[in-house]
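Here are a few exercises with worked solutions to try with the viewer open. Have a go at each one before you read on.

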Amino acid sequence: MIYKKIKEYVPEKYYYTYVAIFMAFVAAVLLIGSYYYMYEFLKSIIIDENVEGAIPIAVRILTFLICNTLVYFFSVWVTHAIAFRLETNLKKKGLEHLMRASFSFFDKHESGKVRKIIDDNTVLTHMSVAHLIPDLSTAAFAPVLGMGLAFYIDYKLGIIFTTTFLLGFLFLVKMMGNQGFMEKYMEALDNMNAGAVEYVRGIQVMKIFKTDAKNLKEFYRSVVDYSIMALKYSMSCRRWYVLFQVIFNSTFLIVLFMYYMGNPEPRVFLTKFMFYVLFNGILMVSFMKIMYVGMYVMQASTAIEKIEQKFAEMDERKLESGSLTGFNGNTIEFKNVSFGYENDMVIEDLSFTLEEGKTYALVGASGSGKSTLAKLISGFYSLDKGEIHIGGNDVTKYSEKILSRNIANVFQNAKLFKRSIYENVRLGKPDATREEVMEALHMAQCDEILNKFEARENTIIGSKGVHLSGGEVQRIAIARSILKDAGIVILDEASAAADPENEYELQKALSNLMKNRTVIMIAHRLSSIKNVDEILVIEKGKITERGSHAELMGRDSHYKVLQNQFMTANEWRVSNE
Amino acid sequence: MNNFIKDKFGLTDSGVKAVKIASVASFFVNVSYMLFMMAAMYFGDNVLKGVEKPLWFYAALTAATFIFSYVVVDIDYVKTFNATYKEAEELRLEIADRLKELPLSYFSRHDLSDLAQTIMQDVSDIEHAMSHAMPRCIGYIFFFLAMSVLMLISSPLLALATIMPLLIGFLMVYVSKGLQRKWTTKYFKRTRATTEVFQETFELQREIKNCGIEEENYKAASEALDSSERLRLKSEITQGGPLLISISFMKVTIGVVTLVSAALLKANVIELIYVVGFLLASIKLIDAVGALEETFAELFYIDARVKRLNELRAFETQAGEQVELKSFDIELSDVGFGYNDELRVINGASFTAKQNEVTAIVGPSGCGKSTVLRLISRLFDYEDGKIKIDNRDIKEIATESLFDKVSFVFQDVILFNASVLDNIRMGRNDADDEEVKEAARMANCEDFILNLPEGYDTLIGENGSKLSGGERQRISIARAFLKNAPILLLDEISSSLDVENEIKIQQALNQLTVGKTVIIVSHRLKSIEKVHKIVVMNEGSVDAVGTHEELLEKSKLYKNLIEKSKMTESFTY
């Protein structure tokens, strides 16, 4: 279980676990030792009535307890070191998987959420593991050593101690309740959390339309259901919990009867009896620890499970790459390509060729698969079937680096790094000269953006007072792509999210980027693609029409329908009735 | 006491009462365990003094204690858990209602989806603390006090030997808590940079891949993670150390008691049976502390959570009186507003939107167009100047009364995981099915709704995820049809929709706007050319007001915007 995971993820510090366990063992020995002296102390004052001799024993008790604390502390420290390393290594593993993940993963999962899952769960793992080892060791060693001590003092005590321990275990198992309950409970909790997210998100709508929690039946019910479920679960543990508590606090009284019947020497008996009363507490503390350890193990296991599930999802469509480091032209060829995000194929058995140096526009209704098609060319997707060849070779044969160098993607919502504008652009070509970077910025219509800030191209993105609109961010991202000087450019509604008053600049920047390259573009403004070399009309994942604007408009094409619809929508006016 | 518990643990009034009852039960649980000890001590005393009692006497004594203890623990368990889950339910619903009362300015300071989860988790944490920690702690404190008094009466010196280490331990816990908080803040600041690198690697992974810098980035992120690990290990030790030491200190109590009792026995100032008794008592107190260790940690842990809840409770809600609005001219004069202190978003904006007219607001992005709509609807309260509806300051109109008369079609559609019918019905909760369907027809929704697997009863998934963007938008317009409020605020619909949907929405909108005070925020200048009045905004204030033709004459900004949009439209690649 969890130890195996530690071995898997923290091999370099795995021996720390042994150290920690050993420390915890020493701490347990010291603790039991203090109890041994406690017995000696009682013997001294009750049986021998030797008060003088009792003082050094008392000093020893104190010393043992202090040492116990120190050693335990050390054990905790060592486990913290393991736990932190585990957290770090899990995060690094996360990054490694992330590096190989295909873009389908990013389409399906919001990166912020994935990051949060990994972050939150590594923290959880850390917390659990940090407490797990010392607590588990204490919980295991103390009763076992204690058993030895009890038998050493009197076999009858040993028997009672052992019986109590086993009985406690039985109760504990019973107390855990049945697993089915736990599952239902977790489900109720999940429902409620989902409801809460929805509720908070909808606050402004609910305000305006005067709806409250009770109107949101689902949410209201999930809150009530959860409480009922949780209470039921608690009540299913009730009897065993109460018995556990009462019996543990009273077993020592059994000693009383056993001895009463054995008719021993009163003072010897009293000594042993007193000792047992004190000693009994060890069991209680052990069981408390066991309960918490159970919780920690469960927490850590589910946390790691969740993280590993994310890893698996990242690996699901892991990218393959080869060793080719040069392109032989930029002709794009789809050979019987099939692709789907889930089980349903978006594109099935599609073959076509795009020639080098031409500009292609993909058009189609939303959900037609045009966006998917454009994305596949980027090489950051793995196909279900078929091959995509660029420059004569299967894309998976190229090294990742050369692939990313030769294909420029401009997404709808570009993001920038928290570095200077200059650095952000230079990422496109790390060995670029200053002139090249500045020229790229100029070509991408960014001069006006630089003028806004005193530090110009050295302005740090995300720092105080630096606010860029969507269109401005997009333009800086375009500068990066221009600098990259890739042979193929993919534009997926690159100007749709821009602020309208900046759209014209964005269009100009894009057309600078497109010059002399092989371009695949999806434009939301159908009026802007009239002059491209070829238009591909996509319907249900198939290319149904191909041709220039003039050709397609000249016949009774679907393209013509789409263009006309666009015109209608564009000419609409809010009525002034 | 009531207020203390309420404040400290963030509970409702009934929750406080329940905790008090559970605490009393918990006190008696401790007492009942002590009874076992007393039975033992009584027995020991008899043995020492040679008093013979029959076996059945002890058996009966034990049995009685056992039964008493069982009953008390059982009562404690039932009371505690019943109270906990009832309180958890009440807390959640209370918070839900409270959230709805808060002005949106509260939410703009928090990340929304985070907020929901945080609050639910906070309540879960408080709930757990309530069942596991609160009554136990309070019960223990009173038990500790009662025991202390008893012990002080019987043997002051030995009592001090028992109480002092425990008290010092408690004190140290308290002090270490303060230190911990300080270190946590300090540590947080120092590791934030690391967090950012990690975050960036995730959130910009696509860009990283596009630039082909995966390896460089991985190296940088790994290094950051390593350095943060070292830093955190150090800070954890400095943080956890004091707490651990102080709790351990309490455990040493038994050693101190034995030492003192030995000394006292030697000086012959105490009887043996007292020593036995004290040992029993201190073992009980210490056992309880051992069990409380996690409890303390838990109470500290919920501290920040409770604070957050209390903040939410203390946040000022919007005032105003109930009025029936009769006429619906909206008048803004010199309005000023900012989402935070640093930035004024609206700065001296004035215009009037007349009943039965369509007023459009245009301007460069970030000029405050959408904010104006939010201010008019009191989703946020304006700060300077005045906004009047029906000649009343809207700040004096209760939000209830105002919301009765306002429909708002938001840019980001928000739907709930419920049936289509229920989603539209939100527009007017008392509408019957036929009215809801009529609204759907008006909003051009019926064609796609009837194509859904269960028609109007289809569940549409989280935030309407089973519908397309255009369909979602149409549902939200159906809501507005259903409500049919005299004031209609439209925020920037139809950016990046597919044309088919867009045409349907456009048709519906032209129906919806009839006979209302309509304010529309638009990016598509062309679409609002014909409205009665266009308000041109720039950097938070009004640049000019007029019809399209008038503005072409008098507003340079408007003219620029129009020209830009013409250039954009005629652009070809």
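**Exercise 1: the sheet in chain A**

Strand 4 of chain A and strand 5 (residues 393-394) of chain A pair in the antiparallel sense through 2 bridges. Keep in mind that we're working with a predicted model. Task: starting from this pair, work out in what order the 4 strands of the open sheet in chain A are arranged.

Step 1. Look at the link between strand 4 and strand 5 of chain A: the two form a hairpin with 2 residues between them. Gly391(A) sits in that turn and has a positive phi of about 55 degrees. Across the pair, Ile390(A) stands opposite Asn393(A) of strand 5.

Step 2. Now move to the other neighbour of strand 4. Strand 4 (residues 385-390) of chain A pairs with strand 1 (residues 332-339) of chain A, antiparallel again, over 5 bridges. To get the register, use Lys335(A), whose bridge partner in strand 4 is Glu387(A).

Step 3. Carry on from strand 1 of chain A, which is joined to strand 2 of chain A by 5 bridges in the antiparallel sense. Here Val337(A) stands opposite Leu350(A) in strand 2 of chain A.

Step 4. Put the pairs together, and the order in chain A reads 2-1-4-5, with antiparallel pairing. The edges are strand 2 (347-354) and strand 5 of chain A, each of which pairs on one side only.

One general point helps when you inspect such a sheet: in a regular strand, side chains alternate between the two faces of the sheet.

**Exercise 2: a helix across the sheet**

Task: find which strands helix 12 of chain A lies across, and at what angle to strand 1 of chain A it runs.

Step 1. Select helix 12 of chain A, residues 370-377.

Step 2. Check its neighbours: helix 12 of chain A lies across strand 1, strand 2 and strand 4 of chain A.

Step 3. Take the direction of strand 1 of chain A as your reference, and helix 12 of chain A runs at about 120 degrees to it.

**Exercise 3: the sheet in chain B**

Task: find the strand order in the open sheet of chain B, and say which strands sit at the edges.

Step 1. The 4 strands of this chain B sheet come in the order 2-1-4-5, and the pairing is antiparallel. Its edge strands are strand 2 (346-353) and strand 5 (392-393) of chain B, each pairing on one side only.

Step 2. Zoom in on strand 4 (residues 384-389) of chain B, which is joined to strand 5 of chain B by 2 bridges and runs antiparallel to it. In this pair, Ile389(B) stands opposite Arg392(B) of strand 5.

**Exercise 4: two helix pairs**

Task: are helix 3 and helix 11 of chain A roughly parallel or roughly antiparallel to each other? Then do likewise for helix 17 and helix 18 of chain B.

Step 1. Helix 3 (residues 51-100) and helix 11 (residues 266-316) of chain A pack at an angle of about 15 degrees, their axes 9 Å apart. Angles under 35 degrees count as roughly parallel, so helix 3 and helix 11 of chain A are roughly parallel to each other. Their crossing is left-handed.

Step 2. At the contact, Leu90(A), Lys93(A), His97(A) and Leu98(A) of helix 3 meet Ile307(A), Phe311(A), Met314(A) and Asp315(A) of helix 11. Sorted by class, that's 5 nonpolar, 1 polar and 2 charged residues.

Step 3. Over in chain B, the axes of helix 17 (residues 469-483) and helix 18 (residues 499-512) come within 10 Å and cross at roughly 10 degrees. That makes helix 17 of chain B roughly parallel to helix 18 of chain B. Their contact includes Ile477(B) from helix 17 and Ile505(B) from helix 18. By class, the contact has 7 nonpolar, 3 polar and 3 charged residues.

**Exercise 5: domains and chains**

Task: how many residues does each chain put into the contact between chain A and chain B?

Step 1. Start within the chains. The domain assignment splits chain A into domain 1 (2-316) and domain 2 (356-376 + 413-561), and the C-alpha centres of these chain A domains are 56 Å apart. For chain B, the assignment gives domain 1 (1-155 + 295-317) and domain 2 (330-570), with C-alpha centres 51 Å apart.

Step 2. Between the chains, the contact takes 138 residues from chain B and 129 residues from chain A. On the chain B side, helix 3 (residues 55-101) gives the most, with 22 residues. That side divides into 73 nonpolar, 34 polar and 31 charged residues.

Key: Residues are numbered from 1 along each chain as its sequence is written. Chains are lettered from A and ligands numbered from 1 in the order in which they are written. This is a predicted model: local features need pLDDT of at least 70, side-chain atom pairs count only at pLDDT 80 or more; totals for chains, interfaces and linings use all residues. Two strands pair if DSSP finds at least two bridges between them. Axes are lines fitted to C-alpha atoms, for helices over the stretch in contact, and angles run from 0 to 180 degrees between N-to-C directions. Angles under 35 degrees count as roughly parallel, over 145 as roughly antiparallel, 65 to 115 as roughly perpendicular and the rest as oblique. A crossing is left-handed if the near helix is turned anticlockwise from the far one by less than a right angle, and right-handed if clockwise. Two residues are in contact if their C-beta atoms, placed from the backbone, lie within 7 Å. Ala, Val, Leu, Ile, Met, Phe, Trp, Tyr, Cys and Pro count as nonpolar, Asp, Glu, Lys and Arg as charged, and the others, Gly among them, as polar. Domain bounds come from an automatic or database domain assignment.
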